[in-house]
Amino acid sequence: MQTDPSLALALSAPKAELHVHIEGTLEPDLAFALARRNGVSLPYASEAALAAAYDFEDLQSFLDLYYACADVLVTEADFHDLMLAYLTRAQADGVIHAEIFFDPQTHLPRGVAFATMLAGLESGAREAAQRWGMTTRLIPNFLRHLSEEDAFATLAQIEPYLDRVDGFGLDSSERGHPPSKFARVFARCRELGKPVVAHAGEEGPPSYVVEALDLLKVSRIDHGVRAVEDEALLQRLAAEGVPLTVCPLSNVRLCVFERMELHTLPKLLAAGIRATINSDDPAYFGGYLGDNIRAVQAAFHYPPEVWYRLCRNSLEASFASDVEKAGWVARLDAHFAGARH
Ligand code: ADE
Ligand code: ZN
């Protein structure tokens with residue numbers, strides 16, 4: 001088999017993952033192990049039957065299954081095991097820093113305390129820091145299909161632990177739930193001193209990206225791939241340097257694009273937008289960050305300089321300190337030395 005030096009460089013490069021839902025890293029084998037451990041039943045008879053259900057027609061069909069499987073997450077140990085399993089896979093793909101989403105509203109109504117999920121995620125992250133020196137950030141997301149009132153009640157539960165979260169996000173069913181619905185919640189999150197991000201322009205229209213920028217005042221847009229439908233928005237994203245956390249395999253698996261060759265990533269890059277590559281829900285969408293890189297390279301055959309740019313964007317768009325970023329970029333420069341021209 002012909003090896004692709006550009007792909008090899010990209011896979012082994014130091015990089016950050018900025019868009020991954022920890023509940024979306026729940027592999028079928030761990031889901032069944034946790035179901036047994038907690039005496040919870042899954043709506044599938046076997047791991048194979050569950051994996052066979054990963055045939056999604058849109059975001060909602062995925063979310064229905066994703067929320068059902070999340071029921072197996074109950075104890076601190078469950079969240080620890082989930083986090084460590086994800087970070088183990090991520091570091092094998094060159095991830096040195098991960099900013100990880102979780103959905104408190106998926107767990108709180110089942111009686112899982114915020115302190116429990118947080119402690120489990122933190123202890124998994126601590127173990128990865130000790131083993132591999134990885135750094136992490138935790139970003140609770142509000143579920144946009146629920147009410148503003150529910151989001152405020154959730155924020156009240158998070159507030160006692162504010163120094164242990166690194167930002168806030170917005171996810172779940174996009175269509176019919178515009179960012180404007182959460183303008184007041186996000187204003188409060190910003191008042192509390194936290195950066196905010198939001199899923200926008202995944203299935204929803206470019207106007208949702210504009211709302212996320214103007215009303216929520218986000219630091220990054222999660223997905224944003226439909227921004228290409230609005231030329232003025234494309235130019236604005238580029239001019240303002242707004243990072244997009246693009247999730248290529250997710251977009252194909254949720255039928256945002258029929259196949260990878262039709263993905264808008266090349267248009268976003270050509271417009272000068274700070275795009276990054278991420279895995280979203282890797283257990284459900286056919287792979288982790290390395291698999292996303294392989295799929296993008298199979299479709300677009302990028303030279304090393306494009307992969308350098310994508311990796312650099314991921315490091316620079318993170319919520320890490322300027323000192324951390326400078327050290328990482330120096331490592332990245334050394335990794336690509338001599339290969340970029
Ligand atoms: N929750 C988990 N994955 C998601 C996605 N791709 N879009 C919106 N909400 C999500
Ligand atoms: Zn997502």
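What is the site of the zinc ion (ligand 2) with angles of 84 to 174° among its four donor atoms: tetrahedral, square planar or irregular? The site is irregular. This is a predicted model, in which local features need pLDDT of at least 70, side-chain atom pairs count only at pLDDT 80 or more, and totals for chains, interfaces and linings use all residues. Residues are numbered from 1 along each chain as its sequence is written, and side-chain values use heavy atoms, without hydrogens and water.

**View 1. Protein donors of the zinc ion (ligand 2).** H19 (NE2), H21 (NE2), H199 (NE2) and D280 (OD) lie 2.0 to 2.2 Å from the ion; donors are N, O and S atoms within 2.8 Å of the metal (3.2 Å for Na, K and Ca). Their spacing along the chain is H-x1-H-x177-H-x80-D. Both H19 and H21 are buried (under 20% relative accessible area, 1.4 Å probe, protein chains only).

**View 2. Residues around ligand 1.** Those with a heavy atom within 4 Å include L59, F62, Y66, E202 and H223. The zinc donors H21, H199 and D280 also belong to this set.

**View 3. Polar contacts of ligand 1 (N or O pairs within 3.5 Å).** A ligand nitrogen lies 2.8 Å from a backbone N or O atom of S172. Side-chain N or O atoms of D280 and D281 lie 2.7 Å and 2.6 Å from a ligand nitrogen, respectively.

Conventions: Chains lettered and ligands numbered in written order. Tetrahedral: all angles 85-135°; square planar, octahedral: opposite > 155°, others 65-115°. Buried < 20%, exposed > 50% of the residue type's maximum accessible area, 1.4 Å probe, protein only. Polar contact = N/O pair within 3.5 Å; in protein donor to acceptor, adjacent residues only side chain to side chain.
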